[in-house]
Amino acid sequence: MSETTASVTAGSAPTARTVVAESATARGRRARIALRALQVFLALFYVIASALPKLIAHPTAVEGFDKMGWGSAGMYTIGVLELAGGTALLIPALQSVAAMALSGLMVGAFVVSLTALDGENAATPLILIVPLALIAWARRGHNADLLRLVRRQA
């Protein structure tokens with residue numbers, strides 16, 4: 001995992017600058033592609049596998065929310081939040097904020113699964129927090145873009 005660097009002198013100038021080898025650039029490009037693929041995968045998961053059953057009132061989702069005592073209002077609210085978060089993972093200015101918001105939602109899901117559902121599927125939210133935290137950290141530069149956009153609109 002070491003980067004190859006070379007010292008290059010520009011003409012007769014006494015200063016040297018460091019040039020990073022092409023492999024580091026290709027590795028960075030592969031990392032960006034992998035991160036983008038992870039975002040698309042998580043967005044599809046949240047929209048299709050998680051939000052959609054809640055929003056169409058699939059019997060398993062209805063049963064789970066009734067068991068928790070939240071009813072259809074809680075089910076639709078969580079479904080809309082997951083749909084919004086999954087969609088926002090694909091919008092450059094919202095990626096980091098969406099990952100943080102979905103992480104918060106997963107913390108809540110973990111607590112609810114421990115308390116109301118006797119630990120059933122409690123590991124799933126914890127597993128999802130790891131890639132969400134990675135996305136939030138890697139895309140943190142977009143937060144400044146979002147802040148500029150919000151300030152310009154105000």
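1. Helices in this note are DSSP runs of H or I with at least four residues, strands are DSSP runs of E with at least two, and both kinds of element are numbered from the N terminus. The model under discussion is a predicted one, and on that definition of its elements the chain holds six helices and two strands. Followed along the sequence, these elements come in the pattern β-β-α-α-α-α-α-α.

2. The loop between α4 and α5, where α5 spans residues 123-138, deserves a look at its backbone. N121 lies in this loop, and its phi is near 60°, a positive value in a residue other than glycine. D118 has its place in the loop between α4 and α5 as well, and for D118, again a residue other than glycine, phi is positive and near 55°. With a relative accessibility of 68%, D118 counts as exposed, and N121, at 56%, likewise counts as exposed, because the cut-off for that class is over 50% relative accessible area.

3. For the chain as a whole, buried residues make up 28% of the 154 residues. Among the contacts with a sequence separation of 6 or more, 59% are accounted for by residues 24 or more positions apart.

4. How many aromatic pairs does a search of the whole structure find? The search returns two. In one of them, F45 and Y46 meet edge-to-face, with 5.4 Å from centre to centre and 80° between the planes. F45 is partly exposed, its relative accessible area being 28%, whereas Y46 is buried, with a value of 0%. The other pair joins F65 and W70, whose ring centres are 6.1 Å apart and whose planes stand at 55° to each other, so that the pair is tilted, because edge-to-face requires an angle over 60 degrees and stacked one under 30. Here F65 counts as buried at 8% relative accessibility, while W70 is partly exposed with a relative accessible area of 41%.

5. A further ring is involved with a charged residue: R140 lies over the face of W137, at 4.3 Å from the ring centre.

6. Is Q95 buried or exposed? At 3% relative accessibility Q95 counts as buried, and this residue lies in helix α4, which covers residues 95-115. The side chain of Q95 is joined to that of R139 by a polar contact of 3.2 Å. When residues up to four places away in sequence are not counted, Q95 touches R36, Q39, A88, L89, I135, R139 and H142.

7. Q95 also takes part in the packing of two helices. Helix α4 and helix α6, the latter made up of residues 142-153, pack at an angle of about 105°, and their axes are 7 Å apart. That angle makes α4 roughly perpendicular to α6, because values of 65 to 115 degrees fall in that class. On the α4 side the residues are Q95, S96, V97 and M100, and in α6 they meet H142, N143 and L146.

8. Two residues of helix α3 can be read side by side. E82 lies in α3 and, at 5% relative accessibility, counts as buried, whereas L83, placed in the same-named helix α3 of residues 71-88, counts as partly exposed at 32%. Which residues does E82 contact once its neighbours within four places in sequence are left aside? They are Y46, S50, A51, K54, L102, L105 and M106; one of them, Y46, is the buried member of the pair with F45 described above. L83, with residues up to four places away in sequence not counted, touches V47, A51 and L55, so A51 appears in the contact lists of both E82 and L83. From L83 to L44 there are 39 residues in sequence, and in space their C-alpha atoms are 9.5 Å apart.

How values were computed. Residues numbered from 1 in each chain as written. Predicted model: local features only at pLDDT ≥ 70, side-chain atom pairs only at ≥ 80, totals over all residues. Heavy atoms only, no water. Phe/Tyr/Trp six-rings, centres within 6.5 Å; stacked < 30°, edge-to-face > 60°. Buried < 20%, exposed > 50% of the residue type's maximum accessible area, 1.4 Å probe, protein only. Lys NZ or Arg CZ within 6 Å of the ring centre and 35° of its normal. Polar contact = N/O pair within 3.5 Å; in protein donor to acceptor, adjacent residues only side chain to side chain. Contact = heavy atoms within 4.5 Å. Axes fitted to C-alpha atoms, helices over the stretch in contact; angles between N-to-C directions. Parallel < 35°, antiparallel > 145°, perpendicular 65-115°, else oblique.
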